[in-house]
Amino acid sequence: ISYAIEYKGIIDNLDHVLYGLLGAENNQNLVECFLTAWLINSDYQKSEHKLDSLFGSTLSKLSENTVLFATIVTKFFNHDNYKINQTASDLIRYSNLHKKRSISLDQSIIKSLDIEDILYICRKILGYIFDGNDLCSLIYSILTAKPNDLNVKVLIKDIFLKQIGPNYPGTTLQFLKEKLSATGLSEELVST
């Protein structure tokens, strides 16, 4: 799996195979596992190539599937390897360029995590994401997954007040106003 970037022909073939595997739901985990192993073992971070130039077809197919995309981004931000964390950011940037939709984390994964893991993910998001809209959307999606968890409420409120708000005031204000005016917003979320 540790193919060097210099073997672009091999990577093109891998991209074709991964694209085909993404067509079947039962192969999606295999694609995720392969990409994770490849990213850790390759020289991708040291090369001048962008992920979309290496796995363009795979990324296009991946970003079409909102649920799978959210799952992979969530797992990548919760990973211990910085290459995987950076790739989560790269995936979001790619999606923003090509899909123009709000980004969120996988709700079922977030629901299963304790506050330490959620804090870890928040730190990774704050360290690797530089777009105010993406920051607001990702951090807020944690609150939507665990609206009754007091620790999560305090954490998310603190992040918005001390991290995102001061750095992206206009974006944060607009984002929160839209959320407050949204129909069907639960009482737990409004009270936060």
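At what angle do helix 9 and helix 10 pack, and how far apart are their axes? The angle is about 165 degrees, and the axes lie 9 Å apart. The legends below refer to a predicted model.

**Figure 1. Overview of the all-helix chain.** The chain has 12 helices and 0 strands. Read from the N terminus, the order of elements is α-α-α-α-α-α-α-α-α-α-α-α. Of the 192 residues, 44% are buried. Contacts between residues at least 6 apart in sequence were sorted by separation: 68% of them join residues at least 24 apart. The exposed surface of the chain is about 10100 Å². Carbon and sulfur atoms supply 52% of that surface.

**Figure 2. Helix 9 against helix 10.** The two helices pack at about 165 degrees. Helix 9 is therefore roughly antiparallel to helix 10, as angles over 145 degrees count as such. The crossing is left-handed. By class, this contact has 11 nonpolar residues, no polar residues and 1 charged residue. Helix 9 contributes L135, C136, I139, Y140, I142 and L143. Helix 10 meets them with V152, K153, I156, I159, F160 and I164. The charged residue is K153, since Lys counts as charged.

**Figure 3. Helix 8 against helix 10.** Helix 8 spans residues 115-128, and helix 10 spans residues 150-167. Their axes come within 11 Å and cross at roughly 20 degrees. An angle under 35 degrees counts as roughly parallel, so helix 8 is roughly parallel to helix 10. This crossing is right-handed. On the helix 8 side, the residues in contact are I115, I118, L119, C122 and L126. On the helix 10 side, they are N151, V152, L155, I156, I159, Q163 and I164. By class, the contact has 10 nonpolar, 2 polar and no charged residues. The polar pair is N151 and Q163, because neither Asn nor Gln is listed as nonpolar or charged.

**Figure 4. Close-up of I139.** I139 belongs to helix 9, residues 132-145. Is I139 buried or exposed? Its relative accessible area is 0%, so I139 is buried. Leaving out residues up to four places away in sequence, I139 touches C122, I125, I156, I159, F160 and I164. C122 is also among the helix 8 residues that meet helix 10. I156, I159, F160 and I164 are among the helix 10 residues that meet helix 9. I139 and C122 are 17 residues apart in sequence. Their C-alpha atoms are 6.9 Å apart in space.

**Figure 5. Close-up of D90.** D90 sits in helix 6, residues 82-98. Its relative accessibility is 14%. Buried means under 20%, so D90 counts as buried. V73 is 17 residues from D90 in sequence. From C-alpha to C-alpha, D90 and V73 are 9.7 Å apart.

**Figure 6. Close-up of A37.** A37 lies in helix 2, residues 28-41. How is the accessibility of A37 classed, and what is its relative accessible area? A37 is partly exposed, at 21%. The range for that class begins where buried, under 20%, ends, so A37 falls outside the buried class. I84 is 47 residues from A37 along the chain. The C-alpha atoms of A37 and I84 are separated by 9.4 Å.

Definitions and conventions:
Residues numbered from 1 in each chain as written. Predicted model: local features only at pLDDT ≥ 70, side-chain atom pairs only at ≥ 80, totals over all residues. Heavy atoms only, no water. Helix = DSSP H or I, 4+ residues; strand = E, 2+ residues; numbered from the N terminus. Buried < 20%, exposed > 50% of the residue type's maximum accessible area, 1.4 Å probe, protein only. Contact = heavy atoms within 4.5 Å. Areas by Shrake-Rupley, 256 points an atom, 1.4 Å probe, with all protein chains shown as cover. Axes fitted to C-alpha atoms, helices over the stretch in contact; angles between N-to-C directions. Parallel < 35°, antiparallel > 145°, perpendicular 65-115°, else oblique. Left-handed = near helix turned anticlockwise from the far one by under 90°.
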